[in-house]
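Trainee: Could you walk me through this protein chain? I'd like to ask my way from the overall fold down to single residues.

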Amino acid sequence: MQGIAQTAHRIEDRRFLRGEGRYLADIRPEGCTAMVVVRSPHGNARIGGIDTAVALAMPGVLAVLTAADVATAGAKALPCLAEIGKWDWARPVLPSRPLLAADQVRHVGEPVAVVIAETPDMARDAADMVVVDYEPLETCATVEQALAGETSIWPEAPDNIGFDWHSGDAERVADAFARAANVVSVDLHNNRVAGMSLETRGAIGEWDTREERFTLYVSSQGGHAIRRILCQNVFGIPEGRMRVITPDVGGGFGPKIFTYQEYALVLLAAARLNRPVKWVSDRGESLISDTQGRAQTCRAELALDDTGRFLAMRFDCLSDMGAYPGQHGPNIATVAGDGLHPATYDLEAVHVRVRGVFTNTLPTDSYRGAGRPEVIYAVERLVDAAARELGFDPVDLRLRNFVPRGKMPFTTVTGQVYDDGDFAQLTARAVALSDFTGRESLREAARECGKLSGMGLAYFIDRCGRGLDEFAELRFDPSGSAVLLVGSQNNGQGHETAYANIVAQGLGLDRNLIRVVQGDTDQVAFGRGTGGSRALAVGGNAVHLATGRIRAKLEAIAAHLLEGDISALRQEEGRFHLTGTNHSVTLADCVRAAFAPSLLPPGMEPGLSIAAHYRPERPTFPNGCHIARVEIDIETAEIRLTRYVAVNDVGTILNPRLVEGQFHGGLAQGISQALLEEVVYDPETAQPLTGSLMDYCYPKADDFVAFETDFVEIPCRTNPLGVKGCGEAGTIAAPPAIANAVMDALRDYDTEGLQMPFTAPKLFAVLARGPRAAGK
């Protein structure tokens, strides 16, 4: 038996390694048809008309749907559900996103029509023959262009500002800056990136005429929320009239949380044709249709006294929302990171302003980390800039401003309650493991080889498991096998393994007798899906609660069968023993007895099935110190990551193998954002210039090094399992660690305007200017 805190092999990997995974593209219902989306080639244009006659006459074509057909069916647009829309003081302008554009398109890739045919090739051929009369309009491809005010993307927002949000104490911050001996500022850009999950998005719609009920197969991060939005907001039907099934998912990273137009369109088409309709995106289509992440500029300021103590921080940010606000996009730019700006530092005050700006680009929304990477990037870049400008060692400056463990639990000036953490200990360990104090020797050795060496440190803190509850139900049958139904959704993290381990450990049950079910709204009664590193911190604790209640019932049955008291029971190797006797019963005996009323204690209901909801009282705060080393070739400006050390506190570690995997994946994405990835639009036309993997720089294995990870387990005090979360830590910590390493390598050069990703052309421009004169 393998349970909690053991390096158990992943249960789900058996079928994946045998090629037995079942992804959306593998599903083909009988009579299935293919849908292809006709998308706008323009960044901004009026639609004069759509001619579908030629397309409809082509072989195998079954239907061509436009906005007129959507309106006839009574389907509504997809709303923005961000809570900022409720706050009048933020001046929110949050237009809905039509399923198909009727009068105007506002970004390249916006859906205009769909073609349904017998095969994908037939549908693609016909889609090419749909004639749309476009009148191109002026575009705003960048935030700067949008704020210039020459073109309004939405009449309701003539200045192209979708919201103006603020948080913190502006007056107290102003007072701290007035008293400060030193003020340091940085201007930063958090580059726009694509989710790029290995499996692209896809959906299959079915309509049951007998039951008058939809079934939607979708590659997602949680089917319950998608069902709710489609039923309540789009179709106006009871949720019981739709079943959503999510099979195996090849990566999510945020973009697969959301409800997209294609999901409603396959259902509309299925109902119209009374046949299943399938749509699967290709890579090029995903780069012009999936929500994207980050895309934020920020001016960050830090006030310090004459001893290097931090007084206050101030942030003024512009968030590129794209042409439409994402389903939760305005939240990601604001409340998702709100309160984390003090990070690990003891400050007097913080103030944050974020303005959401419309541009003629794809909407932005959640991407792994969802608002917290933007916050920590700004804070840790700012702290390192202060160290450089004021002559402090970057470690010493942090140590003198960290919240000490002796103050835990600690309430920050923004109201976050850190239950426990030892930031100084983790920093000391990371510094020792990475030889950070020897960086000058490494710099000199690299210079002799024609390279510039730099080391950068960043300390991250995340906020996970916040807010809403999660659901778990544990059912046994008389044979002793168990089914665990969980409302979160596995996207590759290893949920099946983690949840089964909790049950196995809690009951002393063979893990192979436990089957984990997710991703079916007919089987799993309720679920919040996966996002924000909630799977274990919330879902895992729901499983833990259900397991505990099952165990209590089994113990009562065992005590009754043994004619003893529950307090006298002990469990060893699948048996309950009555202390002081040689009497025992197996766990399997107790499970069977649960279904035999005559064997149960008086008043106990037969059966063995328990449901549990867990809602966290407070969020958790995983944290850690990451140190990166880079080398830049002085001749070619080629940059290489040569070392990466990460010391982390993620609370109690239930399965080290899964935690390592989550960190490796997160680090790869964070490092890739810092060095390689960026979605780029043509500033004149808002055409995407990174529309395929020929242009969008996706990482390869040799872009990384062997990550050196270490863990300090400081259990969380606010949930039963003591876990804090780990899924997004790497994407939060890596960008500032890499950026600080680059700035250290280029300390003798003028780096003004240098922003992520730190590509060779950008670095070459810096090196071409030559080193700064001494003293500058």
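Mentor: Sure. Before we place anything in a loop, one bit of vocabulary: helices (H or I, at least four residues) and strands (E, at least two) are DSSP runs, numbered from the N terminus. With that, Lys256 can be placed in the loop between β12 and α8. Keep in mind that this is a predicted model.

Trainee: How many helices and strands does the protein chain have, and what does the radius of gyration say about it?

Mentor: The protein chain has 20 helices and 30 strands. The globule rule gives 28 Å for 776 residues, and the chain is close to that, so it is as compact as a globular protein of that length. The radius of gyration is 28 Å.

Trainee: What share of the 776 residues counts as buried?

Mentor: For burial, the cut-off is under 20% relative accessible area. Across the 776 residues of the protein chain, the buried share is 60%.

Trainee: Back to that loop: is Lys256 buried or exposed?

Mentor: Its relative accessible area is 1%, and buried means under 20%. Its contacts, leaving out residues up to four places away in sequence, include Glu199, Arg201, Ser219 and Gln221. So by the cut-off, Lys256 is buried.

Trainee: And how far is Lys256 from Ser286 in space, C-alpha to C-alpha?

Mentor: Along the sequence, Lys256 and Ser286 are 30 residues apart. In space, their C-alpha atoms are separated by 11 Å.

Trainee: Which residue in the loop between β12 (242-245) and α8 (261-273) has a positive phi although it is not a glycine?

Mentor: That loop is the place to look. The residue there has phi of about 65° and a relative accessibility of 26%, which counts as partly exposed. It is Phe253.

Trainee: Let's turn to β28. How many of its residues are buried?

Mentor: β28 covers residues 623-633. Asn623, Cys625, Ile627, Arg629, Glu631 and Asp633 point one way, while Gly624, His626, Ala628, Val630 and Ile632 point the other way, and all are buried. That makes β28 mostly covered, with the buried count at eleven of its eleven residues.

Trainee: Which strand is joined to β28 by eleven bridges?

Mentor: The two strands run antiparallel. One pair to look up is Ser453, whose bridge partner in β28 is Glu631. The strand, residues 451-461, is β20.

Trainee: What residue in β29 stands opposite Val630?

Mentor: Ten bridges join β28 to β29, and these strands run antiparallel too. Opposite Val630 in β29 stands Leu641.

Trainee: Which residue takes a positive phi in the hairpin of β28 and β29?

Mentor: The hairpin has five residues between the strands. The residue in question is buried, with a relative accessible area of 0%, and its phi is near 70°, a positive value in a residue other than glycine. It is Ala637.

Trainee: How far apart are the C-alpha atoms of Asp316 and Ala637?

Mentor: Asp316 lies in strand β16 (residues 310-322), whereas Ala637 sits in the loop between β28 and β29. They are 321 residues apart along the chain. Their C-alpha atoms are separated by 32 Å.

Trainee: Is Asp316 buried or partly exposed?

Mentor: Beyond four places in sequence, Asp316 touches Thr297, Cys298, Arg299, Arg353 and Arg355. Its relative accessibility is 32%, and the band in question runs from 20% to 50%. So Asp316 counts as partly exposed.

Trainee: And His351, which strand holds it?

Mentor: His351 is buried, with a relative accessible area of 14%. Its contacts outside its own neighbours in sequence include His166, Asp169, Met313 and Phe315. The strand, residues 349-358, is β17.

Trainee: Any cis peptide bonds I should look at? Which residue is joined to Pro409 by one?

Mentor: Pro409 is in the loop between α12 (394-399) and β18 (410-411). Omega is about -5° for the cis bond, and the partner is Met408.

Trainee: What is omega for the cis peptide bond from Met756 to Pro757?

Mentor: Pro757 lies in the loop between α19 (729-745) and α20 (760-768). For the bond from Met756 to Pro757, omega is near -10°.

Methods. Residues numbered from 1 in each chain as written. Predicted model: local features only at pLDDT ≥ 70, side-chain atom pairs only at ≥ 80, totals over all residues. Heavy atoms only, no water. Rg over C-alpha atoms; globule rule 2.2 N^0.38 Å. Buried < 20%, exposed > 50% of the residue type's maximum accessible area, 1.4 Å probe, protein only. Contact = heavy atoms within 4.5 Å. Pairing = 2+ DSSP bridges.
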